[in-house]
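Work through the exercises below with the sequence and the model open side by side. Try each task before reading its solution.

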Amino acid sequence: MQASEFPARPVTPGAPHRKALFLDRDGVINVEKNYVYRIEDFEFLPGIFDLCTIAKQRGFLLVVITNQAGIGRDYYSEADFQRLTDWMLEEFQAHDIKIDRVYHCPYHPTAGIGEYRRDSFHRKPNPGMILSARDELGLDLSISVLVGDKDTDIQAGIAAGVKNNIKLVTSGEPDPGRLEFATLQAIGGWLVLTSTFCNRSGSQQATSESDTSMDKGEK
Ligand SMILES: [Mg+2]
């Protein structure tokens, strides 16, 4: 039998099959200090490198999605942001971690200056950055995970169709039943468990309207 006589494999051309761990930046990767743009102010959160290593080992791409309205507010420039991002990626690389893509949104609907004052589909809680990553990286969001520290992060993930949207809650009492955890280490543990048990134990618990408090400290 010629090789060409074998039936074609039942694959769907171009079907997305890759999964990502979406990471908010400020308050997840680094300590939230309001409008961080200088290297000396950038402090990695304990456990972020371990969490990323766990995710990489389990086949997740790593995608950063960050509102950066400090650019639109003219607190710092695109070049400042890129300089800090380049340094951040080098620090990850020093831990053998490749961040696959960084998306940022510089706009703000009311506080942006000039061309930066506008609504943007990419500004969380809108899902634009996540959907761009889906299309550009060929991601299947139904097997992807997001980690954020604000309700707007979670809302963006849900709007985009990300399966599991995890909130890092460092003050107050996290509710693991709603995928809230107090530390990145705990999130790493959750990722290990759900990966081991075929993702069946960690499906998203929908955030109820009644106990959702919108964050006031918006970027
Ligand atoms: Mg944040």
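The exercises go from the whole chain to the sheet, then to a helix pair, and end in the loops; the model is a predicted one.

**Exercise 1. The chain as a whole**

Task: State how many helices and strands the chain has, and in what pattern they follow one another.

Solution.
- Step 1. Count the elements: the chain holds six helices and six strands.
- Step 2. Read them in sequence order, which gives β-α-β-α-α-β-α-β-α-β-β-α.
- Step 3. Add the burial: of the 219 residues in the chain, 32% are buried.
- Step 4. Add the contacts: among those with a separation of 6 or more, 64% are between residues 24 or more positions apart.

**Exercise 2. The sheet**

Task: Give the order of the strands in the sheet and name the edge strands.

Solution.
- Step 1. Lay out the order: the six strands form an open sheet, β3-β2-β1-β4-β5-β6, with parallel pairing.
- Step 2. Find the strands that pair on one side only: these edge strands are β3 (101-105) and β6 (180-181).
- Step 3. Place helix α1 against the sheet: α1 packs on it and touches β1 and β2, and its direction makes about 135 degrees with that of β2.

**Exercise 3. Strands β1 and β2**

Task: Describe how β1 is joined to β2, and work out whether β1 is enclosed or open to the outside.

Solution.
- Step 1. Take the pairing: β1 (residues 19-23) runs parallel to β2, and five bridges join the two.
- Step 2. Match the residues across the pair: K19 stands opposite F60, A20 opposite L61, and F22 opposite V63.
- Step 3. Recall the general rule: side chains in a regular strand alternate between the two faces of the sheet.
- Step 4. Apply it to β1: K19, L21 and L23 point one way, A20 and F22 point the other way, and all are buried.
- Step 5. Conclude for β1: five of its five residues are buried, so β1 is largely enclosed by the rest of the structure.
- Step 6. Do likewise for β2 (residues 60-67): seven of its eight residues are buried, so this strand too is largely enclosed by the rest of the structure.

**Exercise 4. Helices α1 and α6**

Task: Decide whether α1 and α6 are roughly parallel or roughly antiparallel, and list the residues through which they meet.

Solution.
- Step 1. Take the geometry: α1 (residues 48-57) and α6 (residues 184-196) pack at an angle of about 10 degrees, their axes 8 Å apart.
- Step 2. Compare with the cut-off: angles under 35 degrees count as roughly parallel.
- Step 3. Conclude: α1 and α6 are therefore roughly parallel to each other.
- Step 4. Add the hand of the crossing, which is left-handed.
- Step 5. List the contact: I48, D50, L51, I54 and A55 of α1 meet L184, Q185, I187, G188, L191 and V192 of α6.
- Step 6. Sort these residues by class: eight are nonpolar, two polar and one charged.

**Exercise 5. Backbone exceptions**

Task: Find where Y35, D74 and P125 lie, and say what is notable in the backbone at each.

Solution.
- Step 1. Recall the background: most residues other than glycine have a negative phi, and most peptide bonds are trans.
- Step 2. Take Y35, in the loop between β1 and α1. Y35 has a positive phi of about 60 degrees although it is not a glycine.
- Step 3. Check the surroundings of Y35: with 16 other C-beta atoms within 10 Å, Y35 is partly exposed.
- Step 4. Take D74, in the loop between α2 (69-72) and α3 (78-94). Its phi is also positive, near 70 degrees.
- Step 5. Check the surroundings of D74: 12 other C-beta atoms lie within 10 Å, so D74 is exposed.
- Step 6. Take P125, in the loop between β3 and α4 (128-137). The peptide bond from K124 to P125 is cis, with omega near 20 degrees.

**Exercise 6. Residue V31**

Task: Which residues does V31 contact, leaving aside its neighbours within four places in sequence?

Solution.
- Step 1. Locate V31 in the loop between β1 and α1.
- Step 2. List its contacts beyond those neighbours: E43 and L45.
- Step 3. Note the spacing to P46, which is 15 residues away along the chain: the C-alpha atoms of V31 and P46 are separated by 9.3 Å.
- Step 4. Classify V31: with 15 other C-beta atoms within 10 Å, V31 is partly exposed.

How values were computed: Residues numbered from 1 in each chain as written. Predicted model: local features only at pLDDT ≥ 70, side-chain atom pairs only at ≥ 80, totals over all residues. Axes fitted to C-alpha atoms, helices over the stretch in contact; angles between N-to-C directions. Helix = DSSP H or I, 4+ residues; strand = E, 2+ residues; numbered from the N terminus. Parallel < 35°, antiparallel > 145°, perpendicular 65-115°, else oblique. Left-handed = near helix turned anticlockwise from the far one by under 90°. Contact = placed C-beta atoms within 7 Å. Nonpolar A, V, L, I, M, F, W, Y, C, P; charged D, E, K, R; others polar. Buried ≥ 20, exposed ≤ 12 C-beta atoms within 10 Å, placed from the backbone. Pairing = 2+ DSSP bridges.
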